[in-house]
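Let's take a walk through this structure together, starting with its empty spaces and then turning to the way some of its helices pack.

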Amino acid sequence: ILFAAGAWLSVAEAPRGRRLATGLVGGLVTAGVGVLLGVLTGGQVSLLPLALVAAVVLLDLGGIRRVLRLAGVEVRKLAKGRLLRTGLLATAALTLLATLTYDAVPGATGWTRAAHGLGVGQWVGDVFLLVLGATALAGEATGGTLKMMLPHAYRRSDWILAKALVLVGTAVVFAAVVAAASLVPAAAEDGLGDVLTEPLFGESPDSAEVFAPARTMASHFLVTVLAGCAAGAALAIVGLFLSTLFDGVVAALSSAFLVFAGIRLADVLLAIPREDLVHRVFAWPPVQLREVLGKLGRGLSERWDPSLLPTTLGLAAVTAALLLLLAGRIFQVRDVHA
């Protein structure tokens with residue numbers, strides 16, 4: 001089914017002389033990615049076929065150069081703007097501040113401090129990524145550059161995809177900054193060695209045993225960073241989708257923050273059990289991973305769930321693909337010249 005859907009949609013997007021080859025490649029890519037993501041997510045993503053169909057609709061195998069060219073333009077525009085620099089500086093500063101001022105509880109190690117700083121940094125980074133996505137098109141409309149850019153985009157879907165690629169790359173940069181800003185002060189303050197068990201009453205401190213090796217904790221930290229990066233990228237795509245609905249920055253930002261509050265406070269506002277959110281909403285597995293990382297850093301017996309990273313990647317991919325499909329269709333019919 002995935003092969004047939006991918007082939008049909010790829011043929012619809014391809015030039016006449018390349019329809020056969022494009023259909024075969026599109027079908028194989030869709031089926032292959034479907035199998036891969038299905039294995040990685042353990043079948044937990046029920047919207048996977050629809051997401052892959054959406055990805056194929058946006059995939060123009062003959063227009064990769066156009067998309068990359070537009071992405072290069074977007075990178076230069078983003079680098080010249082103040083919002084990216086401000087966001088990176090603010091995220092790094094707040095992460096450092098949270099890590100350095102962490103009030104250590106009994107038994108806490110450098111990994112606990114790093115997990116605390118990581119939580120603050122990822123939260124701040126998510127806010128800026130959402131803002132960058134929400135202003136990606138609404139800011140162009142407000143600034144009057146939308147009409148000048150569209151003639152060079154060939155197709156509006158190319159421009160949407162180029163902005164999405166840049167936002168995903170920006171999410172990776174934010175994740176790297178947050179990881180460094182939480183690890184460096186944690187290593188300087190408490191060290192990032194093995195997590196030891198507390199000796200029993202009356203025993204020598206030398207009798208403490210290794211509860212979690214430093215290598216294992218470093219692996220857990222990396223997994224948590226990757227999950228947070230995927231969630232941040234998906235939030236940026238959410239903002240990009242909302243940016244296609246509004247001509248003004250204020251309306252786009254207001255709707256983006258309402259959606260952000262709904263996602264982050266779904267357990268309180270919507271009374272959804274947290275266990276359901278962790279396995280069904282892309283923004284929640286990183287929260288669970290950070291909490292478990294912090295508890296393991298204190299030597300507490302907590303179960304590390306290795307399925308949360310593929311769950312986050314699958315949910316983020318599904319969300320991004322569906323919203324990109326909708327964004328491309330909505331932006332295609334919008335009258336931006338009025």
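A cavity, as the word is used here, is a set of grid points where a 1.4 Å probe fits but cannot get out. With that in mind, remember as you look around that this is a predicted model. Rolling a probe the size of a water molecule over the atoms shows where empty space is left.

How many cavities of 30 Å³ or more does the structure hold? There are two of them. The second largest cavity contains about 40 Å³ of space. Around this space you will find Gln122, Asp126, Gly228, Ala231, Arg264, Ala283, Pro286 and Arg290. Three helices each supply at least two residues of that lining: H6, H9 and H13, the last of these spanning residues 285-297. Sorted by class, the lining has three nonpolar, two polar and three charged residues.

Now turn to the largest cavity, with about 100 Å³ of space. Its lining is made of 13 residues, and those nearest the centre are Gln122, Asp126, Phe174, Ala175 and Gly228. Gln122, Asp126 and Gly228 may look familiar, for they also line the second largest cavity. Two or more lining residues come from each of H6, H8 and H9, where H9 covers residues 214-243. Which helix gives the most to this lining? The answer is H6, with five residues. In terms of class, the lining of the largest cavity holds seven nonpolar residues, five polar ones and one charged one.

Next comes an open space, the second largest pocket, which has a volume of about 310 Å³. Fifteen residues line this pocket, and Glu74, Leu78, Leu132, Ala136 and Lys163 are the closest to its centre. Helices H4 (64-80), H5, H6 (110-143) and H8 each give two or more residues to the lining. Here, too, H6 provides the largest share, namely five residues. The class make-up of the pocket lining is seven nonpolar, three polar and five charged residues.

H8 has now turned up in the lining of the pocket and of the largest cavity, and it is worth following to its helix neighbours. Two packed helices are described by the angle between their axes and the distance between the axes. Take H5 (residues 82-100) and H8 (residues 156-189): their axes come within 9 Å and cross at roughly 25°. Angles under 35 degrees count as roughly parallel, so H5 and H8 are roughly parallel to each other. On the H5 side, the contact includes Leu84, Gly87, Leu88 and Thr91, while H8 contributes residues including Thr170, Val173, Phe174 and Val177. This contact has 12 nonpolar, six polar and one charged residues. Phe174 is one of the residues we met nearest the centre of the largest cavity.

What about H8 and H14, the helix of residues 308-333? Their axes also come within 9 Å, but the crossing angle is roughly 140°. H8 and H14 are therefore oblique to each other, and H8 passes H14 in a right-handed crossing. Arg156, Ser157, Trp159, Ile160 and Ala164 of H8 meet Leu324, Ala327, Phe331 and Gln332 of H14. By class, the contact of H8 with H14 comprises six nonpolar residues, two polar and one charged.

Conventions: Residues are numbered from 1 along each chain as its sequence is written. This is a predicted model: local features need pLDDT of at least 70, side-chain atom pairs count only at pLDDT 80 or more; totals for chains, interfaces and linings use all residues. Side-chain values use heavy atoms; hydrogens and water are left out. Axes are lines fitted to C-alpha atoms, for helices over the stretch in contact, and angles run from 0 to 180 degrees between N-to-C directions. Helices (H or I, at least four residues) and strands (E, at least two) are DSSP runs, numbered from the N terminus. Angles under 35 degrees count as roughly parallel, over 145 as roughly antiparallel, 65 to 115 as roughly perpendicular and the rest as oblique. Contact means heavy atoms within 4.5 Å. Ala, Val, Leu, Ile, Met, Phe, Trp, Tyr, Cys and Pro count as nonpolar, Asp, Glu, Lys and Arg as charged, and the others, Gly among them, as polar. On a 1 Å grid over the protein atoms alone, a cavity is a set of points where a 1.4 Å probe fits but cannot get out, and a pocket is an open set with protein on both sides within 12 Å along at least five of seven lines; lining residues have an atom within 4 Å of a point. Grid points are joined across faces, edges and corners, and a volume is the space filled by probe spheres set on the points. A crossing is left-handed if the near helix is turned anticlockwise from the far one by less than a right angle, and right-handed if clockwise.
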